[in-house]
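Hi there,

Here is the structure I promised to pass on. Please have it open while you read my notes on its aromatic rings below.

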Amino acid sequence: MVMKAISENAKNIVFHQGNVITGRLTFARWRSYKASFEDQTNNVFNIGPTNIFKNKFNVVLDQHCLLTIHRKWTGAFKIRFSNDSEGQQLIFSQRGFIKIRYVLRDKDERTLAKASMKYRWKRFRHDFEIEMTDILKRKDNSFLLVAVMVYLMRIKLLKAGY
């Protein structure tokens, strides 16, 4: 299943699954690390850095931390569920040098999702395309993970001077 995330402007990204809008990612300002995303059930998740170096992030819903994200020195991001006693960990990393794509994997190295960016020259914006596997579709927090993937791709662009 393929989900698309289309940039409306420098602050807003809208998620589409077919012809249905499934959510919206909104950044506080242009070139900001703080963002919020809203899903179909009108849950508003806030995400932002937790330290001055901007390498640790939290995803919060109603004052409850759901995910912690830590950027490693290799450029990969480790995503950890806060309420999971087993310490489930996902890794979001970049693959390729010329044809860049991003991959979300679990601790067993199984691919959960692949994502790519397409630059629209007319509007000077990036659009994102996310291909989810059946494993990710079965998870109850699949949209949250897809939104986090797009957020992290945007953060990588921010470091590159987006």
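Let me start with a group of rings: Phe27, Tyr33, Phe57 and Tyr151 make up one aromatic cluster. Please keep in mind that this is a predicted model.

The count of aromatic pairs comes to 8. One of them is Phe27 with Tyr151, a stacked pair with 5.8 Å from centre to centre and 10° between the planes. This pair links distant parts of the chain, as Phe27 belongs to strand β3 (residues 20–27) and Tyr151 to helix α2 (residues 142–159), 124 residues apart.

Are these two rings buried or exposed? Phe27 counts as buried because its relative accessibility is 1%, under the 20% cut-off. Tyr151 is buried too, with a relative accessible area of 0%.

A second pair you may like to look at is Phe92 and Tyr102, which is also stacked, with the centres 5.6 Å apart and 10° between the planes. Phe92 lies in strand β9 (residues 89–95) and Tyr102 in strand β10 (residues 101–106), so this pair ties together parts 10 residues apart in sequence. Phe92 is buried at 0% relative accessible area, and Tyr102 is buried at 4%.

Finally, some charges over rings. Phe27 comes up again here: the charged end of Arg154 sits over its ring, 4.4 Å from the centre. Elsewhere, the ring of Trp30 has the charged end of Arg31 over it, 5.7 Å from the ring centre.

Happy browsing, and best wishes!

How values were computed. Residues numbered from 1 in each chain as written. Predicted model: local features only at pLDDT ≥ 70, side-chain atom pairs only at ≥ 80, totals over all residues. Heavy atoms only, no water. Phe/Tyr/Trp six-rings, centres within 6.5 Å; stacked < 30°, edge-to-face > 60°. Helix = DSSP H or I, 4+ residues; strand = E, 2+ residues; numbered from the N terminus. Buried < 20%, exposed > 50% of the residue type's maximum accessible area, 1.4 Å probe, protein only. Lys NZ or Arg CZ within 6 Å of the ring centre and 35° of its normal.
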